[in-house]
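Work through the exercises below with the model open beside you. Each task sentence is followed by a solution that goes step by step.

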Amino acid sequence: MRRFLIAGNWKMNCGPADAAELLEGLKEKKAEVAEEVDVLVCPPFVSLSMSVNYLHDTDIEVGAQNIHFEENGAYTGEVSASMLVEAGCNFVIIGHSERREYFGETDTTVNKKAKKALEHNIVPVVCVGESLDQRKANIHFELVKNQVTAAFEGISDTEALDIVIAYEPIWAIGTGETASPEQAQEMHAHIRSILAELYDQETADGIRILYGGSMKPGNAEELLGQEDVDGGLIGGASLSADSFAEIITIAEKLS
Ligand code: PEP
């Protein structure tokens, strides 16, 4: 039986004070609802250490939203894998579409960052997904294939099992518009078939593929109910303990 991963991407929200408030609510609710679901929160860098401390007596994981691919050195403004480990992070989001669009993230840097995270036993959550124009031009399957293939370049099958993929159609991120369950399932099945080609079916089946893009309590059940949807990467709705916990509860019921 699959185990869902419900992950919150806080983006550039919640410094330490707001993070404490949000986590306080989440901690209470999570304890009530979920045993069968893995839960992850990804606060901004400045709130990571306090989040780890705050959650030390729970099974909620803490991840970062970015990482640098070098070990250390003259990279002003960047944060290394060993720093994330020291801060207590076990996960990192890599290649989010906002980083690809605004901060020059490419398929090549995504691959380098995924490898560096794996070296340090941090689970990379690799984001892929097409824009509306790319979907309209009917190149979305090819584009996502290229993104997935590039992200896994030079990564062994055992390492691949430690990677999580998040399929996030850009047109559905923060827009209130969601991929239909059929659109999500179609792309998730496509991604799994790419992984089966790159590795084998067993490995492909063992890699979790999350859906991201305006997931909320009102649509989580039908999205998470799809065969190849193994969880959610949630932006807006993860900033409220109530709505995030509701999504976790839905995942728990489907488990
Ligand atoms: C995201 O940024 O990863 C995301 C899915 O955002 P939202 O849920 O707000 O669309």
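**Exercise 1.** Describe the lining of the largest pocket by residue class, and then say where the pocket's centre and its volume fit in.

*Solution.* Begin with the classes: in this predicted model, the lining of the largest pocket divides into 7 nonpolar, 5 polar and 4 charged residues. Next, look for the residues around the middle of the pocket, where K11, M12, Q65, R99 and F103 are the ones nearest the centre among the 16 residues of the lining. Then ask which element gives the largest share of that lining, and you will arrive at helix α4 (residues 97–102), which supplies 3 residues. Finally, add the volume, which is about 450 Å³.

**Exercise 2.** Carry out the description again for the second largest pocket.

*Solution.* The volume comes to about 230 Å³. The lining consists of 18 residues, and those closest to the centre of this pocket are G174, G213, S214, G235 and G236. Sorted by class, the lining of the second largest pocket holds 9 polar, 6 nonpolar and 3 charged residues.

**Exercise 3.** Examine the backbone of K11 and of N138, and decide for each residue whether it is buried, partly exposed or exposed.

*Solution.* As background, most residues other than glycine have a negative phi. K11, which is not a glycine, nevertheless has a positive phi of about 55°, and its place is in the loop between β1 (5–9) and α1 (16–33). N138 likewise has a positive phi, near 60°, without being a glycine, and this residue is found in the loop between α6 (132–136) and α7 (140–151). For the last step a cut-off is needed: buried means under 20% relative accessible area, exposed means over 50%, and partly exposed lies in between. K11 has a relative accessible area of 22%, so K11 is partly exposed. N138 has a relative accessible area of 59%, and therefore N138 is exposed.

**Exercise 4.** Find the residues that touch the most other members of the largest nonpolar core, and follow the contacts of F152.

*Solution.* The largest nonpolar core has 68 residues, and within this core F152, I191 and L224 touch the most other members. To follow F152, set aside the residues up to four places away in sequence; the residues that F152 then touches are N111, A160, I163, I165, L195, L198, Y199 and I207. To complete the solution, note that a second core, separate from the largest, has 13 residues, among them L5, A7, L40 and A166.

Methods. Residues are numbered from 1 along each chain as its sequence is written. This is a predicted model: local features need pLDDT of at least 70, side-chain atom pairs count only at pLDDT 80 or more; totals for chains, interfaces and linings use all residues. Side-chain values use heavy atoms; hydrogens and water are left out. A nonpolar core is a set of buried Ala, Val, Leu, Ile, Met, Phe, Trp, Tyr and Cys residues joined through side-chain atoms within 4.5 Å. Buried means under 20% relative accessible area, exposed over 50%, partly exposed in between (1.4 Å probe, protein chains only). Contact means heavy atoms within 4.5 Å. On a 1 Å grid over the protein atoms alone, a cavity is a set of points where a 1.4 Å probe fits but cannot get out, and a pocket is an open set with protein on both sides within 12 Å along at least five of seven lines; lining residues have an atom within 4 Å of a point. Grid points are joined across faces, edges and corners, and a volume is the space filled by probe spheres set on the points. Helices (H or I, at least four residues) and strands (E, at least two) are DSSP runs, numbered from the N terminus. Ala, Val, Leu, Ile, Met, Phe, Trp, Tyr, Cys and Pro count as nonpolar, Asp, Glu, Lys and Arg as charged, and the others, Gly among them, as polar.
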